[in-house]
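Keep the sequence and the 3D view open side by side while reading. The paragraphs below go from charged side-chain pairs to a sheet and then to a helix.

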Amino acid sequence: MPTTPTTPTPPEPRETERSPGDAALIRTFLLGLAEGLTASAESTDRIRAEIVDIAHAYGVDEVDVVVLPTIALVQTGQGETGRVSLTSVRASFRFDQIAAMAALVRQARSAAIGPADGIRRLNEIGAMPPTRHWFMRTMGHALLTAGLALLLAPSWQAAVVGFGLGVIIGVAKLTRSQTLSLVLPVAASFVCAVIVFLLAPVVEIGDPLRVLIAPLATFLPGALLTTGVRELAAGQMVAGSSRLGAGIVQLALLAFGILAAGTVVGIGDDGYVPREVQQTLPWWVAGIGLVLYGVGVYLHFAAPGRSYAWVILALVVAYGGQQLGALLLGAPVSGFVGALVVTPLVLWIEDLPRGVPSQIAFLPAFWVLVPGAAGLIGVTEGAVEESAGVDDVAAAFVTVMSIALGVFIGSAIYRFLRRSAAGIAEFHVDLPSVLGPSEDSVLSRIADAAPKPRRRDPES
């Protein structure tokens, strides 16, 4: 009997590969995230880890990321299908933009936002206007300076002078001019130094160099130097070296402005030697200084509303750890203890449901620990008095290294504790089916599941 030929069943269509347009869209989104995280002052090793995790969330397994302080590259695919996109990073985000960027990254980790919508959101974050009026931001810089002056040179006269200088620098920092931004560190240090050197013989402000640090705090590359050392320790040689170089140049520019002002005013070599700080105010004034400093940071950097309490907590812990370190280990390495205790705290705050990004709490804490302040004093003295300058530069190097080491060890401790806690939380043993939930007792279920002996047939 002839058989009718049967047509073979066509194979089920496989899942279509991602189109080149979709791949380019995802790659552009990943590159924008890398650029935004770099503008948020995040370290390069953490940026790379974030972008790789986000790429996997969007189904891109073949991805490589190279992040430097001023450039970012993202490659997707390999061989003939490999494509590379790069961008230069020029922006520097305020705290409100950093918070918005962190929220977008959280969405991207779970692929909860489409690449096209993510790119639109990145552009919105880049174009965000400040959430504080320019007057409030200027007053914030003044309060920041006054609070820091109370911590560095504890006297009411120093706080008043710091407040006035903070107003001047605050207005200058809000001026949008590419040319001004390039010369602002030198101009700011020169103007502040002239005013302080002229007031020092008339007003009892204590150590003029310490008073100078307060209005120049936001120019000090303390976080830049510390992040650079941390990146070197993490194996990011190019990024770490470039940050260290930029930080040293920034210190040199600030010192040049101070030396130029001293030449104009007629300051002798002994005028650049730090003086012993005389504690003329009660110990609790440091608390007032921290509160003023926290309010100033909150206003000047347009921080989110929920961040103020977290910033104050981080400042108290960092300052308290530094004071404890000074008692136990001495002033040069006191920053190690402060960084060691505050680093796990800010990382824990970042992981909370209503926490804030670690940079928002880290940067103010770095300026309290003042790694750049010691460097500025050391570089300034080094240009005047060789022996004192070498000693102070060495002390500045030890200060930066101790703070960077504290950050590195604190981060490692927090990661270890977090992984250990996650391992405990995820510990679970599935019960065998015989021991599954039932109304019968466990022993009866075991008895029922046990093999029964064969019953002998009585007729056999």
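In this predicted model, the count of salt bridges comes to 8. The cut-off behind that count is a side-chain nitrogen of Lys or Arg within 4 Å of a carboxyl oxygen of Asp or Glu. Three of these pairs are worth locating in turn.

Begin with Arg 120 and Asp 117, whose side chains meet in a salt bridge at 2.6 Å, N to O. Both belong to helix α4 (residues 115-126), where they are 3 residues apart and therefore separated by about one helical turn. An α-helix has 3.6 residues a turn, so residues three or four places apart point the same way. Asp 117 is partly exposed, with a relative accessible area of 43%.

Another salt bridge is formed by the side chains of Arg 418 and Asp 351, at 3.4 Å from N to O. This pair links distant parts of the chain, 67 residues apart: Arg 418 lies in helix α16 (residues 386-425) and Asp 351 in helix α13 (residues 334-351). Asp 351 is partly exposed, its relative accessible area being 37%.

Salt bridges with shared partners also join Glu 42, Arg 46 and Glu 350 into one network. Within this network, Arg 46 forms a salt bridge with Glu 42, and their closest N and O atoms are 3.8 Å apart. Is each of these two partners buried or partly exposed? Buried means under 20% relative accessible area. Glu 42 has a relative accessible area of 9%, so Glu 42 is buried. Arg 46, at 23%, is partly exposed.

Turn next to the sheet. Three strands form an open sheet in the order β1-β2-β3, and the pairing is antiparallel. Which strands stand at the edges? They are β1 (63-68) and β3 (83-88); each has a single partner strand, so one side of each is left without a neighbour in the sheet. On average, neighbouring strands of this sheet are turned by 10 degrees against each other, direction ignored.

The connection from β1 to β2 is a hairpin through 2 residues. β1 pairs with strand β2 (residues 71-76) in the antiparallel sense over 6 bridges. To trace the register, find Val 63, which stands opposite Thr 76 in β2. Then find Asp 64, whose bridge partner in β2 is Gln 75. On the β3 side, β2 and β3 are likewise paired in the antiparallel sense, over 6 bridges. Here Leu 73 stands opposite Leu 86 in β3.

The side chains of β2 alternate along the strand. Ala 72, Val 74 and Thr 76 point to one face and are buried, whereas Ile 71, Leu 73 and Gln 75 point to the other face and are not.

The last element to inspect is helix α10, which runs over residues 237-265. How far apart should the ends of its 29 residues be? At 1.5 Å a residue the helix should span 42 Å, and its end C-alpha atoms are 42 Å apart, so the two values agree. Following α10 is Gly 266, whose phi is positive, near 95 degrees.

The buried residues of α10 include Gly 240, Gly 247, Gly 257 and Gly 262. Also among them are Leu 251, Leu 254, Ile 258 and Leu 259, as well as Ala 239, Ala 255 and Ala 261. Arg 243 is another of the buried residues of this helix.

Note on methods
Residues are numbered from 1 along each chain as its sequence is written. This is a predicted model: local features need pLDDT of at least 70, side-chain atom pairs count only at pLDDT 80 or more; totals for chains, interfaces and linings use all residues. Side-chain values use heavy atoms; hydrogens and water are left out. Helices (H or I, at least four residues) and strands (E, at least two) are DSSP runs, numbered from the N terminus. The expected span of a helix is 1.5 Å times one less than its number of residues. Buried means under 20% relative accessible area, exposed over 50%, partly exposed in between (1.4 Å probe, protein chains only). Two strands pair if DSSP finds at least two bridges between them. Axes are lines fitted to C-alpha atoms, for helices over the stretch in contact, and angles run from 0 to 180 degrees between N-to-C directions.
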